[in-house]
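I opened the notebook today with two things to look up, a pair of packed helices and the surroundings of the ligand. The entries follow in the order in which I went through them.

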Amino acid sequence: MNFYSLNQNAPKVSFKDAVIKGIAPDKGLYFPESISPLPNSFFDQIGELTNHEIALRAIHQFVATDIPDEKLKEIIADVLDFDFPVVEIEDNVATLELFHGPTMAFKDVGARFMANCLGYFSEGEKSEVTVLVATSGDTGGAVANGFLEVDGVKVVILYPRGKVSDIQERQLTTLGLNITALEVDGNFDDCQKMVKTAFLDEALLENMQLTSANSINVARWLPQLFYFLFAYKKVKSKGREVIFSVPSGNFGNICAGMVAQRLGMPVKHFVAATNVNDTVPEFMQTGNYHPKPSIPTISNAMDVGDPSNFIRIRHLFKDDFKVLSENLSSYFFSDEETRVALLKIYEISGYVADPHGAVGYLGLKKYQQHHPQTYGVFLETAHPVKFLDVVEETIGQTIEIPRQIQKVMGKEKKSIAIKSYEELKVHLLKS
Ligand SMILES: *Cc1c(COP(=O)(O)O)cnc(C)c1O
């Protein structure tokens, strides 16, 4: 299948080229040329399929011209070697736990899928690909882990000094090998700016093949549709209309869920739950889209004022606000409301959520007030241990540190301090 640029001013490319380029030359996001629904029988019989079979059927049409079936099966088996439990915490309210991967962030699946694709595409190529990524926390760890020891691929991660948690910093800086962590004297926006400057730097691009590993990249974005199918498989038997509430920042995850809907998955409605970075809730309320500077919150992986994937959602609905509104509601919540929800969930059910999941829960409850007949699933996008201080302080309990996290706690941090774009460029050119 080919992919076209949403800016409509660049040639169509194969899946392979879309993955390697990351973004189109006209700066548009790539989008699949078509989305063909799967047969009804797939959804009728989904309960009998394994997660690997579901994933293969769902992603096949998008990638099959560039990845042979046998290789695709291998990639899927490698990417999806952990569970995606659905835990019911109240009547008609369940959480889909996406944090059982190696870095305990839901971004593990997308990062691993992209790493496998890029590794496959660079087999037999002479030149290396360099993945350049800025992180405010979770992305970096998932990308570092996913790309570790992938031949022909180097990874350079920029993160703001002192602004990621200790656990997150260790996940980025202790792997070594083909992963380099650059510790930037500045904030996340400064890191992001440096990455953007690099992607526009002709002199640099002549010397190396650079790509991004954020959810702009189709190989990171699309595999997220698996989650929704895995959850549907488990809650279908409840016999109610299913809704998903997705804690959203860049809107890649929820947009992938909407692709699953386009594949024919029966879902009544999506809720995009955000923190006070309310660009999309405001748009769904007023029809006016105003990107803003981001505001720091306790659900910091969603501190995004200008969500990069929302344009894909608008495109999926042909920019028809009415049809979009029938399928999507969006609400925002303050840190105070999030803490109250964390505590309430714990008191009602004993379940320990993380701040992102708690925002998803709030969005779900708000929608269900007016749609009580539905079965709601909210996505738990990170393990609570990743946000240890906030969670322990809010629920007044200590959380046990899981094995994946214990493993990195003792390792030695290795990073290179940089202050400016010039230093980044020097580093990239000599590496
Ligand atoms: C990245 C992230 C999100 C937001 O996902 P988007 O696809 O950017 O909307 C939510 N929660 C956690 C924990 C994340 O790391």
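Entry 1, the helix pair. I listed the residues through which H4 and H5 touch in this predicted model, and found Lys71, Leu72, Ile75, Asp78 and Val79 on the H4 side, meeting Val109, Arg112, Phe113, Asn116, Cys117 and Tyr120 on the H5 side. Sorting the residues of this contact by character, I noted seven nonpolar, three charged and one polar.

Entry 2, the geometry of the pair. Two packed helices are described by the angle between their axes and the distance between those axes, so I looked up both values. For H4, which covers residues 69–79, and H5, which covers residues 107–121, the angle is about 145 degrees and the axes are 9 Å apart. I also recorded the handedness of the crossing of H4 and H5, which is right-handed.

Entry 3, the ligand shell. Which residues come nearest to the ligand? Of the 15 residues around the ligand, I wrote down Lys107, Gly249, Asn250, Phe251 and Thr381 as those that come nearest. The shell as a whole divides into seven polar, six nonpolar and two charged residues.

Entry 4, polar contacts of the ligand. I then went through pairs that involve an oxygen atom of the ligand, and found a backbone N or O atom of Phe251 at 2.8 Å, a polar backbone atom of Asn253 at 2.9 Å, and a side-chain N or O atom of Asp138 at 3.3 Å. Last, I checked the cover: the ligand taken alone exposes 380 Å², and the protein buries 97% of that.

Definitions and conventions: Residues are numbered from 1 along each chain as its sequence is written. This is a predicted model: local features need pLDDT of at least 70, side-chain atom pairs count only at pLDDT 80 or more; totals for chains, interfaces and linings use all residues. Side-chain values use heavy atoms; hydrogens and water are left out. A residue is near a molecule or strand if one of its heavy atoms lies within 4 Å of it. A polar contact is a pair of N or O atoms within 3.5 Å; within protein, one must be able to donate a hydrogen and the other to accept it, and residues adjacent in sequence count only if both atoms are side-chain atoms. Accessible areas come from the Shrake-Rupley method with a 1.4 Å probe; for residues, only the protein chains shown count as cover. Ala, Val, Leu, Ile, Met, Phe, Trp, Tyr, Cys and Pro count as nonpolar, Asp, Glu, Lys and Arg as charged, and the others, Gly among them, as polar. Axes are lines fitted to C-alpha atoms, for helices over the stretch in contact, and angles run from 0 to 180 degrees between N-to-C directions. Helices (H or I, at least four residues) and strands (E, at least two) are DSSP runs, numbered from the N terminus. A crossing is left-handed if the near helix is turned anticlockwise from the far one by less than a right angle, and right-handed if clockwise. Contact means heavy atoms within 4.5 Å.
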